[in-house]
Amino acid sequence: MIAALHKTTPEARREAIGQLEAGKSISRKSLVQLELKDKEVAAREQLKKRNRLLAAQITRRAQAELASYRAELNEYVEELIDFHEIDQLEDALLDLKILALSARAEQLLSQFHELFGSEHVEFEEWFFDYSNSNSIRLAKAKVALERLSARDFADEKLINLATDRYIEADLIKKVAWLSGADITRLKESIDARRDDDQDDWRGGGQRKREPLTSLEICAGAGGQAIGLHAAGFRPLGVFEKNKHATATLKKNFTFGPLFTRDIKGFNFDRYRDHVDLIAGGVPCQPHSTLGSKKGGDDKRDLFREAVEIVQVVRPRAFMFENVSGFSDSPNSAYRAELFSAFQSAGYDVQAFPIAGADYGLGQNRPRVVVIGFRDGLMSRFRMPTGLQGGRKTLGEALLPMMAENGWKGAEAWAKRANKPSPTLVGGSDSGIKGFSSKKQLPQWAKLGMDGESLAAEAPAADAPLDHIPKLTLEMGAHLQGFPREWEFCGSDRQKRRQIANAFPPIMARAVGVAIYNVLAEADLDIEEELKSELIDYPRGNDRASYRTTLPAQELELPAGEVRDPDAFAFWKKFRERRGIMEEPKPTGVRRKKKAAAV
């Protein structure tokens with residue numbers, strides 16, 4: 001037995017000795033079984049080792065092939081950028097150039113299939129997809145190579161004639177993603193041709209200026225967006241969870257990528273260091289003197305979420321508008337908490353009063369704007385104080401509208417309505433049917449107004465001279481400073497809520513210009529700026545609204561819900577080319593905009 005132990009394998013010997021020390025007996029047969037078991041284990045380990053070695057060899061080979069392929073793609077991307085930079089080429093030379101580039105694309109497409117296979121996310125599934133995951137980007141790169149190999153360099157529906165000549169820049173970007181190529185030169189080529197008139201930042205006599213970026217939360221029906229846009233800010237994202245309010249924005253102008261969703265739970269990390277200003281009209285009801293006055297304990301309050309977004313995004317400045325009650329003593333502890341959080345994030349922060357009556361709105365509308373700057377810029381900020389001689393009475397503000405149906409008592413009424421009105425309210429679910437709370441009704445009555453509910457239209461021509469009129473939705477919108485042609489969506493109740501909740505455009509514009517002066521180191525005259533007309537928005541123009549998403553797309557940020565109408569035409573044509581004839585399904589699935597088009 002000792003000789004058998006000496007001859008067996010070391011592993012079997014150790015196992016046998018262990019059993020003997022444990023008091024077990026070992027026969028020659030059991031020793032042979034241990035030896036066989038040991039050899040089987042060794043064989044399996046040897047097989048695993050060999051498989052690992054082979055896998056490593058295959059991986060190294062695949063990595064080498066991928067590296068070689070990406071190097072070829074890099075060279076190809078450089079050739080495509082060279083082609084993009086060409087402004088004019090004779091037809092014969094153009095055909096030769098396209099022929100050479102398409103032949104190269106065909107070769108690279110063949111290699112693509114060898115490396116990545118041919119099964120990828122189908123075109124009709126990802127064309128309007130927002131996620132831009134790696135699998136979708138790989139599918140986009142494949143279709144880009146397919147189009148290039150088929151000499152489809154510039155579809156008339158997709159090419160941006162302001163920046164592209166013979167090839168869509170998006171095609172190059174999709175191939176460049178696969179290769180990891182530096183596309184700085186392509187961006188320079190695009191910028192060199194960019195048509196400055198695509199985005200007109202002037203309003204009336206306002207001079208053109210370099211726009212700054214913004215991010216808007218709790219955007220409502222667009223009052224603040226109108227004002228900030230006129231001040232020179234271009235939103236990279238506009239967030240509002242009320243579907244009626246976002247329908248209003250879509251009906252008129254979206255200003256930037258639009259998202260109908262709650263800001264809670266949204267990942268704002270991708271916007272970090274891309275944003276000059278974060279602005280929002282966070283819900284005011286928790287701090288209103290007419291509400292439940294729960295402040296930070298109210299479930300509708302979003303100030304803490306606003307703090308978190310600022311901490312994540314790191315804008316150069318922020319502006320949050322709220323009711324004047326936010327500055328009242330019952331909210332002092334909550335204000336201190338918020339300001340401390342902003343300061344810990346590196347911001348100087350102050351709260352400033354502002355009133356609609358100082359900007360000629362015909363209503364008092366006292367508000368508070370909480371403004372913060374990082375990098376020590378607060379010392380340069382000067383809060384605007386209103387328009388010189390700009391105060392209007394309710395009668396002066398509404399006389400043209402009261403008289404538009406021929407009411408002969410309009411002028412007498414206007415003389416009675418000789419003060420700015422109470423602040424328009426009714427933005428919550430409090431049961432208010434007009435723009436007045438019960439507490440405000442006597443104040444409206446002194447101005448010759450019935451504030452209990454709303455009228456469908458201005459007083460008729462045959463209305464009594466002493467008729468007590470009611471506000472209409474249009475009059476409410478006018479008192480809030482919305483352009484007359486701005487259309488609101490939803491039921492009358494929803495329209496009233498949108499109007500009452502708004503931060504008046506002229507007030508947002510005044511504060512916006514003051515912030516713009518700091519961030520852009522400008523010296524714009526706020527008084528002169530406010531006297532110039534607002535931009536004449538291309539209302540209801542999907543193409544114009546879509547174009548506002550392009551700055552976000554260039555930064556590879558989400559493009560929101562507005563889609564490029566030209567992309568739909570291309571999508572259908574591409575499907576027909578592949579024999580897919582059924583109509584696209586409605587927008588229940590998340591779809592993508594022009595940036596996803598190849």
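**The paired strands**

Begin by selecting strands β4 and β5 of this predicted model. The two strands pair in the parallel sense, and four bridges hold the pairing in the DSSP assignment. To find the register, select L277, which stands opposite A317 in β5. Next add strand β1, residues 212-217, which runs parallel to β4 and is joined to β4 by four bridges. On this side of β4, S214 is the residue that stands opposite L277. L277 therefore has a facing residue in each of two strands: S214 and A317 in β5.

Now show the side chains of β4, residues 277-280. In a regular strand the side chains alternate between the two faces of the sheet. Here L277 and A279 point one way, whereas I278 and G280 point the other way. All four of these residues are buried.

**E321 in strand β5**

Move along β5, which spans residues 317-323, and select E321. Is E321 buried or exposed? E321 counts as buried, because its relative accessibility is 3%, under the 20% cut-off. Display the side chain of R367 as well: the side chains of E321 and R367 make a polar contact at 2.9 Å. Beyond its sequence neighbours within four places, E321 is in contact with G280, G281 and V282, with R367, V368 and V369, and with F503. G280, one of these contacts, belongs to strand β4.

**V511 in helix α18**

Select helix α18, residues 505-519, and centre the view on V511. V511 is buried, as its relative accessible area is 0%. Its contacts, apart from neighbours within four places in sequence, are M319, I354, I371, M383 and P384. A distance label between the C-alpha atoms of V511 and R382 should read 9.1 Å, although the two residues are 129 residues apart in sequence.

**Salt bridges**

The whole structure contains 19 salt bridges, and several merit a stop. Select R137 and E556 first; their closest N and O atoms are 3.0 Å apart. This pair links distant parts of the chain, with the two positions 419 residues apart in numbering. R137 lies in helix α6, residues 134-149, and E556 lies in the loop between α21 and α22. Which of the two partners is buried, and which is exposed? R137 is buried, with a relative accessible area of 18%, while E556 counts as exposed at 57% relative accessibility.

Next select R374 and D375, a salt bridge whose closest N and O atoms are 3.0 Å apart. R374 is buried, with a relative accessible area of 14%, whereas D375 counts as exposed at 55% relative accessibility.

Then turn to R147 and D152, whose closest N and O atoms are 3.0 Å apart in their salt bridge. Both R147 and D152 are buried. For a linked group, select E78, D82, E85 and R185, which form a network of salt bridges.

**Helix α7 and the loop before it**

Stay with the loop between α6 and α7 and select R151. Most residues other than glycine have a negative phi, and most peptide bonds are trans. The phi of R151, however, is positive, near 65°. R151 counts as exposed, because its relative accessibility is 51%.

Continue to helix α7, residues 169-179. How many of its eleven residues are buried? Nine are, and the helix is mostly covered. Among the buried residues are D170, K174 and S179, together with L171, I172 and V175. After α7 comes G180, whose phi is positive, near 75°.

**A second positive phi**

Go to D273, in the loop between β3 and β4. D273 is a residue other than glycine with a positive phi, near 65°. With a relative accessibility of 54%, D273 counts as exposed.

**A nonpolar surface patch**

Finish at helix α4, residues 91-116, by selecting L96. L96 counts as exposed, at 55% relative accessibility. Add L93 and L99: with L96 they form a nonpolar patch on the surface, having about 270 Å² of accessible area together. An α-helix has 3.6 residues a turn, so residues three or four places apart point the same way.

Note on methods
Residues numbered from 1 in each chain as written. Predicted model: local features only at pLDDT ≥ 70, side-chain atom pairs only at ≥ 80, totals over all residues. Heavy atoms only, no water. Buried < 20%, exposed > 50% of the residue type's maximum accessible area, 1.4 Å probe, protein only. Polar contact = N/O pair within 3.5 Å; in protein donor to acceptor, adjacent residues only side chain to side chain. Contact = heavy atoms within 4.5 Å. Salt bridge = Lys/Arg side-chain N within 4 Å of Asp/Glu carboxyl O. Patch = residues over 30% accessible without salt bridge, like charges linked within 9 Å, V, L, I, M, F, W, Y side chains within 5 Å. Areas by Shrake-Rupley, 256 points an atom, 1.4 Å probe, with all protein chains shown as cover.
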